[in-house]
Amino acid sequence: MILASLTFSKLTLGTVAPQFTGVSIIEDGTQGITMELEMQWDGNPSIILDIKTYLGVALPVQVKNIGFTGVFRLIFRPLVDELPCFGAVCFSLRQKKKLDFKLKVIGGDISTIPGLYDAIESMIRDAVEDSITWPVRKIIPILPGDYSDLELKPVGTLEVKLVQAKELTNKDMIGKSDPYAVIYVRPLRDRMKKSRTINNQLNPVWNEHFEFVIEDASTQHLVIKIYDDEGVQSSELIGCAQLQISDLEPGKVKDVWLKLVKDLEIQRDNKNRGQVQLELLYVPNGMENGFANPFVQNFSMTSLEKVLKSGNEGKELVENGSEIKRREVIVRGVLSVTVISAEELAPADLMGKADPYVVLIMKKTESKNKTRVMNDSLNPVWNQTFDFVVEDGLHDMLIIEVWDHDTFGKDYMGRCILTLTRVILEGEYKDTFPLDGAKTGTLNLHLKWNPQPIYRDT
């Protein structure tokens with residue numbers, strides 16, 4: 001961080017008025033009127049910033065040549081019989097399409113201090129995001145009254161498990177990309193989450209969990225961007241994707257594969273940049289027992305992360321009525337996996353045959369099991385069951401690989417990766433899974449969960 005402080009020395013908006021190029025009325029089912037105005041402004045303001053850096057340098061910086069295009073939202077609410085017929089008006093920048101400006105040090109060259117231009121530009125953009133961009137809104141009371149219901153407040157929590165990505169575009173000339181993900185709902189520095197970097201891998205497996213506060217489930221969306229870590233150099237974008245929070249059913253886990261594109265605004269992108277797998281859960285505030293655990297009746301699941309003791313919203317009381325620490329439950333248990341069969345495996349040798357076997361791996365503990373080899377079969381039947389002791393089921397995953405046994409080695413035939421969320425919630429299920437990394441082939445599995453929850457004070 002190079003900036004110590006940034007303050008306005010002068011601020012006038014100039015003589016050029018903004019142009020409104022479109023007006024629309026939004027039906028939102030509330031007792032009010034919501035209006036959206038599309039605005040374009042190529043202004044001539046006079047803005048001078050007083051900048052102080054940690055290097056001890058103080059200098060005035062002029063902001064010039066501002067160009068802005070966006071959509072402003074005005075909310076008139078509540079409607080009343082008294083003129084002007086509404087109690088208050090809210091305004092917010094609903095969508096920021098374009099924001100361009102130039103920075104110039106008065107009497108000097110801003111490039112003499114490395115990184116200063118980028119730091120100021122980033123701070124200005126963050127300030128716009130944090131102060132006025134929807135769902136942040138400014139409230140102007142028109143008539144006396146309580147308008148606290150119009151204020152920005154959390155309405156729910158979004159749980160995101162970043163599972164894996166596959167077939168990422170290789171950005172390196174030598175070796176493979178080193179991908180990491182940046183995930184956010186609001187593009188504010190303190191609310192953006194970053195995954196760890198997986199080196200030299202185009203099919204990375206992260207298995208990382210993140211949590212986001214949601215302020216408006218009807219308009220906000222989750223954004224994920226995958227980058228290639230270039231070390232000391234700036235990272236290169238591999239691809240990005242987004243998903244509307246309104247597409248999620250509250251209280252229900254959704255497993256999605258999102259196609260990566262070059263730009264979220266311009267969708268004309270036919271290049272294959274890879275896909276990313278997410279496991280999502282949106283829980284509105286006040287939603288009782290987002291999940292019921294049918295196998296341990298004393299516990300209810302309110303999110304992917306927390307299994308809280310029912311009755312006092314996860315808080316236990318001592319005899320004098322004072323509150324003590326909430327006790328979180330680690331989802332511990334035994335996972336039984338039956339490898340039933342595989343179908344239509346791709347041939348692995350010149351004779352059009354294969355000698356397949358299956359390797360099962362728990363990612364966190366790296367414990368392994370494998371089936372017997374089935375000779376000369378592209379539709380093998382194993383019907384073998386393996387038990388794994390899982391210490392933290394909501395943060396672990398099962399990797400199942402199919403290999404071809406060969407006298408002189410082995411050949412990879414594909415894999416499938418499963419989080420344990422579904423089997424923890426359902427207790428038991430049977431399903432067919434396609435093999436990633438294979439031209440053809442599916443795997444038939446039966447999973448069963450025997451829970452043994454343990455406490456951990458939080």
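## Two cis prolines

Let's start with Pro135, which sits in the loop between α1 and β7. In this predicted model, the peptide bond leading into Pro135 from Trp134 is cis, with omega near 15°. Pro84 has a cis bond too: the link from Leu83 to Pro84 has omega near 10°. You'll find Pro84 in the loop between β5 and β6.

Why flag these bonds? Most peptide bonds are trans, so a cis one is worth a look.

## Two residues with positive phi

Now for the backbone at Asn207 and Glu344. Asn207 has phi near 55°, a positive value in a residue other than glycine. Glu344 also has phi near 55°, again positive and again not a glycine. Most residues other than glycine have a negative phi.

Their settings are worth setting side by side. Asn207 belongs to strand β11, while Glu344 is in the loop between β20 (333-343) and β21 (356-362). Asn207 has a relative accessible area of 13%, so it falls under the 20% cut-off and counts as buried. Glu344, with 58%, is over the 50% cut-off and therefore exposed.

## The sheet that holds β11

β11 takes us to an open sheet of 4 strands, ordered β11-β8-β15-β14 and paired antiparallel. The edges are β11 (205-214) and β14 (254-259); each has a single partner strand, so one side of each has no neighbour in the sheet. From one strand to the next, the twist averages 25°.

How many bridges join β14 to β15? There are 6, and the two strands run antiparallel, with β15 covering residues 275-284. If you want a spot to look at in that pairing, try Trp257, which stands opposite Gln277 in β15.

## Another open sheet

There is also an open sheet of 4 strands with the order β10-β9-β12-β13, and its pairing is antiparallel as well. Here β10 (193-194) and β13 (236-244) are the edge strands, and because each has a single partner, one side of each is left without a neighbour in the sheet.

Strand β9 (residues 179-184) pairs with strand β12 (residues 221-228) over 6 bridges, in the antiparallel sense. As for individual residues, Tyr184 has Val223 in β12 as its bridge partner.

## The second largest pocket

The second largest pocket holds about 930 Å³ of space. It is lined by 25 residues, and those closest to its centre are Trp41, Ile47, Ile66, Ile124 and Val128.

Which element gives the largest share of the lining? That's α1, with 5 residues. At least two lining residues come from each of β1 (3-12), β3 (33-42), β4 (46-53), β5 (58-79), β6 (86-105) and α1 (116-131). Sorted by class, the lining has 24 nonpolar residues, 1 polar residue and no charged ones.

## Asp146 and its loop

Last stop: Asp146, in the loop between β7 (138-141) and β8 (156-166). Is Asp146 buried or exposed? Its relative accessibility is 63%, and since the exposed class begins over 50%, Asp146 counts as exposed.

A polar atom of the Asp146 side chain lies 3.1 Å from the backbone nitrogen of Ser148. Asp146 and Ala88 are 58 residues apart along the chain, and their C-alpha atoms are separated by 9.7 Å.

Definitions and conventions: Residues are numbered from 1 along each chain as its sequence is written. This is a predicted model: local features need pLDDT of at least 70, side-chain atom pairs count only at pLDDT 80 or more; totals for chains, interfaces and linings use all residues. Side-chain values use heavy atoms; hydrogens and water are left out. Buried means under 20% relative accessible area, exposed over 50%, partly exposed in between (1.4 Å probe, protein chains only). A polar contact is a pair of N or O atoms within 3.5 Å; within protein, one must be able to donate a hydrogen and the other to accept it, and residues adjacent in sequence count only if both atoms are side-chain atoms. Two strands pair if DSSP finds at least two bridges between them. Axes are lines fitted to C-alpha atoms, for helices over the stretch in contact, and angles run from 0 to 180 degrees between N-to-C directions. On a 1 Å grid over the protein atoms alone, a cavity is a set of points where a 1.4 Å probe fits but cannot get out, and a pocket is an open set with protein on both sides within 12 Å along at least five of seven lines; lining residues have an atom within 4 Å of a point. Grid points are joined across faces, edges and corners, and a volume is the space filled by probe spheres set on the points. Ala, Val, Leu, Ile, Met, Phe, Trp, Tyr, Cys and Pro count as nonpolar, Asp, Glu, Lys and Arg as charged, and the others, Gly among them, as polar.
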